[in-house]
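Here are a few warm-up exercises for getting to know a new structure. Try each one yourself before you read the solution.

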Amino acid sequence: MAKTLEMQFVNEQGKTVTITVDAPKDSLTKDEIAAAMDGLMTANVFISGGGNLTSKKGARTVDRTVTEMDIK
C-alpha cells in the first residue's frame, strides 16, 4: 500500500496548492504536520503559479493500493 501526506495551502491568489510527501512516518502528529507547514511558509521554499503560500488550508494522509499487472 502506498501512503502519502498531502499538505494543502492557500496562495496569494486564494487558490489551493497541494504539496505531497511520499511515505510519511505513521507516528506524525497534527502538531508536527502543522509545524512543518509553518516552516515551509516561513522559509518561502515553494512558490506557486499564484504567488507565495500565505496560509494553511489542511492536511490529510492518502492510502492507496497499487497492483502491477504484467501485460507482456
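## Exercise 1: the sheet

Start with one pair: strand 3 and strand 4 (residues 51-64) run antiparallel and are joined by two bridges. Helices (H or I, at least four residues) and strands (E, at least two) are DSSP runs, numbered from the N terminus, and two strands count as paired if DSSP finds at least two bridges between them. Before going on, note that this is a predicted model, where local features need pLDDT of at least 70, side-chain atom pairs count only at pLDDT 80 or more, and totals for chains, interfaces and linings use all residues. Residues are numbered from 1 along each chain as its sequence is written, and side-chain values use heavy atoms, leaving out hydrogens and water.

Task: find the bridge partner of Ile47, then work out the order of the strands.

Step 1. Ile47 has Asn52, in strand 4, as its bridge partner.

Step 2. The four strands make an open, antiparallel sheet in the order 2-1-4-3.

Step 3. Strand 2 (16-22) and strand 3 (47-48) are at the edges with a single partner strand each, so each has one side without a neighbour in the sheet.

## Exercise 2: the helix

Task: find what helix 1 packs on, and which of its residues are buried.

Step 1. Helix 1 (residues 30-43) packs on the sheet, touching strand 1 (2-11) and strand 4; contact means heavy atoms within 4.5 Å.

Step 2. Its buried residues are Ile33, Met37, Leu40 and Met41. Here, buried means under 20% relative accessible area, exposed over 50%, and partly exposed in between (1.4 Å probe, protein chains only).

Step 3. Looking down the axis of helix 1, these buried residues fall within an arc of 95° (taken from the directions from the helix axis to the C-beta atoms), so they line one face of the helix.

Step 4. Flip to the face turned away from the buried side, and you meet the exposed residues Asp31 and Thr42.

## Exercise 3: the core

Task: which element gives the most residues to the largest nonpolar core?

Step 1. A nonpolar core is a set of buried Ala, Val, Leu, Ile, Met, Phe, Trp, Tyr and Cys residues joined through side-chain atoms within 4.5 Å.

Step 2. The largest has ten residues, among them Leu5, Val17, Ile33 and Leu53.

Step 3. Strand 1, strand 2 and helix 1 each give two or more residues, and helix 1 gives the most, with four.

How values were computed: Axes fitted to C-alpha atoms, helices over the stretch in contact; angles between N-to-C directions.
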